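Colleague: I want to go through the labels on this model with you. Each one should be set against its definition.

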Amino acid sequence: MITQSTFGEMPDGTVIEQFCLTNNQGVSLEILSLGGIIRRWLIPHNAKPPTDIVLGFDSVQAYLSDDSYLGALVGRYANRIAEGKLCLESKNYQLDINQGDNCLHGGSQGFNNKVWQSTVLSRDENPAIALQLESPDGDQGFPGALSTKVIYTLTESNRLKIEYFATSKRTTVFNPTNHSYFNLSGHNSGSVNNQHIQVVASYYTPTDAHAIPTGELIKVEGTPFDFRKLSTIEQALTSAHPQIQYGNGLDHNLCIDSYDPQSQEAKYAAKATSENTDISLKVYTTMPGIQVFTANHFDHKKGKQDSLYHAHQGLCFETQFYPDSPNQPQFPSATLKAGEAFYSVTEYEVLF
Ligand code: GAL
């Protein structure tokens, strides 16, 4: 089932729609046409109120004035491009610089801040909506007029399937993701430290102090990034490893072992689980990397229903090309050639 209502308005009066997708299992998701934001994700419990497993805000103003990308679609290039420098087909481009010296999440007016054109695709079983956006040539410095579409489908097997499509008139780079902050004990339940995660990744991409990859792939073995077996988030957060000290927690790209550039089938990559609620989340993707981020800079952020979000209160599993891949030729390439069709899919499955 899908219900539709108005969430609010942009400063210029553009209406922001809110879609509530509910499947026959009683899982329910609220998605905004602003940034494709996943605002609520409700998991039913017998006899208890549902658990809302994503962090979010209650107003348009809160979303527009915050820079944490809560629940949003991110593009054109998720994560960082060093100094906003891009060279494609021997031409240099300067991208918008919006964090330190770098371009983060597609620049200051990225996909998360845009109102997408929305269409309901399926109302009954497996409710689905499509969101479309035209990003003009030169948007945030990126070359090529880009048409993009994202389809959100809530399946009857409790998966949120997120499919990304794009074509560009000129050769460009494209690296979309969703930036949901999960807390499987509930969005207002405190830190995720005691929750367990697994990431099927044998290598990670270490960074400098500004979160730009050094270019190496380092084995996770013997480091706090070894999540090949289910382990608590806390054991990584309390590590004295310099990479953890840089960002006050986890904010790193792990290289997914099952990545197959030829395949369009989402493969198992990661899991998180809460012993408090017995809710688990599994991540399947076609993308090569996953940014594991633990909301390290949150400090009394005012969230939904008067809750306050603190450091380490959310966990992001951002499926992506590796950060700064346009400047690291040894990383899988995010180049989208003129006229070619981009497709990727990430599925978040909830078990409860
Ligand atoms: C993450 C990024 C973090 C931080 C966050 C947004 O994807 O890795 O460093 O910028 O987005 O607040």
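Colleague: Why is strand β29 called largely enclosed by the rest of the structure?

Modeller: Eight of the 10 residues of β29 (residues 342-351) are buried, so the strand is largely enclosed. Buried means under 20% relative accessible area, exposed over 50%, partly exposed in between (1.4 Å probe, protein chains only). Strands are DSSP runs of E, at least two residues, numbered from the N terminus. This is a predicted model: local features need pLDDT of at least 70, side-chain atom pairs count only at pLDDT 80 or more, and totals for chains, interfaces and linings use all residues. Residues are numbered from 1 along each chain as its sequence is written, and side-chain values use heavy atoms, without hydrogens and water.

Colleague: What makes β14 and β23 partners of β29?

Modeller: Pairing needs at least two DSSP bridges between two strands. Strand β14 (residues 159-168) has eight to β29, antiparallel. There, Glu 163 has Val 345 as its bridge partner. Strand β23 (residues 280-285) has six to β29, also antiparallel. Tyr 284 stands opposite Glu 347.

Colleague: Why does His 196 count as buried?

Modeller: His 196 has 18% relative accessibility, under the 20% limit, so the label holds. His 196 sits in strand β17 (residues 196-199).

Colleague: How do you know that His 179 and Glu 318 make polar contacts with the ligand?

Modeller: A polar contact is a pair of N or O atoms within 3.5 Å; within protein, one must be able to donate a hydrogen and the other to accept it, and residues adjacent in sequence count only if both atoms are side-chain atoms. A side-chain N or O atom of His 179 is 2.9 Å from a ligand oxygen. For Glu 318 the distance is 2.6 Å. Both qualify.

Conventions. Helices (H or I, at least four residues) and strands (E, at least two) are DSSP runs, numbered from the N terminus.
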